[in-house]
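Biologist: Please take a close look at one part of this model, the protein surface that faces the DNA. A connected account would be welcome.

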Protein chains: 2
Amino acid sequence: MTSTSRRLPGNRATILDVAAAAGVSRQTVTRAMNDMPGIRQETRERVQELARELGYTPSRFAKGLVQGSRTSVGLSIPDLTNPYYPAFASSVVELATQRGWHVVMDDYGHGGATGVQSVEHLAPQVDAVIGYLGDAEGEAQAVLGRRPLVVLDQMTGSAWGRIRFDYDHAARRALDYLLAAGRRQLVYLDAGKNGLPSGPQLTTGRSADPVDRAVSTRGQAFARAAAAAEIPLTIIMSPESAAGARRATQSVLTDRPGIDAIIAFNDLMAAGALKGVADSGRTVPMDCAVMGMDGIPLGELLSPELTTLSLDLREVGRAAVELLDGLLSGAITPGGQGSELVLCHRLIVRQSA
Amino acid sequence: MTSTSRRLPGNRATILDVAAAAGVSRQTVTRAMNDMPGIRQETRERVQELARELGYTPSRFAKGLVQGSRTSVGLSIPDLTNPYYPAFASSVVELATQRGWHVVMDDYGHGGATGVQSVEHLAPQVDAVIGYLGDAEGEAQAVLGRRPLVVLDQMTGSAWGRIRFDYDHAARRALDYLLAAGRRQLVYLDAGKNGLPSGPQLTTGRSADPVDRAVSTRGQAFARAAAAAEIPLTIIMSPESAAGARRATQSVLTDRPGIDAIIAFNDLMAAGALKGVADSGRTVPMDCAVMGMDGIPLGELLSPELTTLSLDLREVGRAAVELLDGLLSGAITPGGQGSELVLCHRLIVRQSA
DNA sequence: AAACCCTTCGTGAACGTTCACGAACTCGTA
DNA sequence: TACGAGTTCGTGAACGTTCACGAAGGGTTT
């Protein structure tokens, strides 16, 4: 009658409590709860009713232990408040759900953690990780051992899967367009590595000059493209935020009044640049063009609407999930065919450039 | 020497494989992996090295079964691509992580699922759920049994925790402001219940008229406030998107040229309304004011910058997590003190109204 | 009445880990 | 030598569930 078995945290009942209450065995309760055959309809309903009354919910641990894990994947994101990431995350969650996976989310930027720390936090709970981890922060793959890691926008490290973006292609595309439009005094508004604002410092890339180490991967691609086209490009650093970009734009337009085009690290900073140009009394795109990078929906809502190097973020998410799927199933091997994908940006011309 | 134990999915080794390889017992491997005392330093390092080589990672199921669950909470979100939700989710993830919780994320809108289906998907994997589930969709709390559910912006249902918003307060605040600014022909741009676009249908709320059932909770609050102030308010329906709001704004401005203020269901739709007003050749705010609701960062980037009824989304997240914390610890009981919170919007006056 | 099948239910075993306890060994001291 | 204390390691049990198999009972056929 009375069960002596202990309760789960939250005073939850175990399968034995239900079995005792119903006067049946564990197995019968299992059959009732999982809609398995081999049980009388009346018994099934009685057990289910009792389970509901006792607040019984099967332990995911016991279930997972015996049945083999439903795969659950970690998703490491540096900053959900940057509209770029939710669009990506949304796609990942949708496709993962389609596959019956669960997604354990970590937004590590606000807590001041690094990408590797995020993976460490996720590791005990997941079978794989997809993430934007940032560059050169130690070995995230090692933390996961044999479990697959798919990283995005990362050059270094030994992740099993890797999705990169062809910034050289994007930079050429952007510069060709701006030069054809007659722009000559170009500025690249950079966010700096690791998002660390290193102050509004100035660098110039011409010919094949080595570019400052602090310049981001994207910035370096633009520097290379500018060198190849033999035109000067001013790179200025700014915090990775709209407000920071706005201030940086104001100050660079004061220092160098002749500037007629600004390329921003991402769309969010481009939005700030738009404001900054307006602050200086100029109009976009007549006096100064502004070009973003990302292609987030925000760009269409701004005025003037943002011209940008766009990535289809749902496609990026799809690529990441499919790559992970391949790694989990063994269809793709860590170093092998398809373990590294390169995606290209598409230039979307709207009003700002 | 050779272990006969099977491998986990992904060919992962078990603790017995490591023990056999190192020539020690399970318990010694446990001690080595968890930095427990009572083991020789040399042994510890040898075991750890071997574990690394074999790609051993402890089963979270076995560990959870014996140690009791690390709590993991589900987060149900209807649409991550609406900037409102990431800001909230970011806050929840950050605070949950601080508490050592894991967050299993579900973005159910894109898959065409409902809030309850989302909870059903999450249920086997989590100890509690926080979510925007939408109104009147059946019983999500029943799915979770004894596990706490905290819902936001939901009137019906028997969730243990509930966070509501005082839309009547917000509506009064907005109308007072607009009327004081001399606005007389007001439009409420509604998103309709469940986000279902029911076509640009027109309703008028005056005196204490019963308002169309299709009108959202927010819309009804504005209708009540308008009735109390004895001014007419036109409610029009639109799909819950910037593009939809833009079209709806264009058409309503054509139908009723005298309109001098538009209040939108949320900031995203307000951004669309901004565009729609411009399309019609009018300027904001001179010819027509536009007011949003949410207070997402996007508003500051628009031009004109968006006047809005703002919610501090990090506060909302904090409220949800703390409420859940109370429910998990037993400090708050389902029907009791503190199980229902009401938060107020703050009017942020910028340029658009 | 014996043989068989079908339905309904129960019993050991196993999943991989940690906990509680005890055994073996080392070292120093009475 | 014998004893005790400390260090290092191993063995049963337990966590809650499902799987594989077998048992009991009723009905039909041979």
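Modeller: The account below concerns the surface near DNA strand C.

This is a predicted model, in which local features need pLDDT of at least 70 and side-chain atom pairs count only at pLDDT 80 or more, while totals for chains, interfaces and linings use all residues. Residues are numbered from 1 along each chain as its sequence is written, chains are lettered from A and ligands numbered from 1 in the order in which they are written, and side-chain values use heavy atoms, with hydrogens and water left out.

Around DNA strand C there are 29 residues, a residue being near the strand if one of its heavy atoms lies within 4 Å of it. Those that come nearest are Arg26(A), Thr28(A), Ile15(B), Thr30(B) and Tyr56(B). By class, the surface holds 11 nonpolar, 12 polar and six charged residues; Ala, Val, Leu, Ile, Met, Phe, Trp, Tyr, Cys and Pro count as nonpolar, Asp, Glu, Lys and Arg as charged, and the others, Gly among them, as polar.

Helix 2 (26-33) and helix 4 (60-67) of chain A, together with helix 2 (26-33) and helix 4 (60-67) of chain B, each supply at least two residues of this surface. Helices here are DSSP runs of H or I, at least four residues, numbered from the N terminus.

On the DNA side, 57% of the atoms of strand C within 4 Å of the protein belong to sugar or phosphate, and the rest to bases. A base nitrogen of strand C lies 2.8 Å from a polar side-chain atom of Arg31(A). Phosphate oxygens of the strand lie 2.8 Å from a polar side-chain atom of Thr43(A) and 2.9 Å from one of Asn34(B).

Methods:
A polar contact is a pair of N or O atoms within 3.5 Å; within protein, one must be able to donate a hydrogen and the other to accept it, and residues adjacent in sequence count only if both atoms are side-chain atoms.
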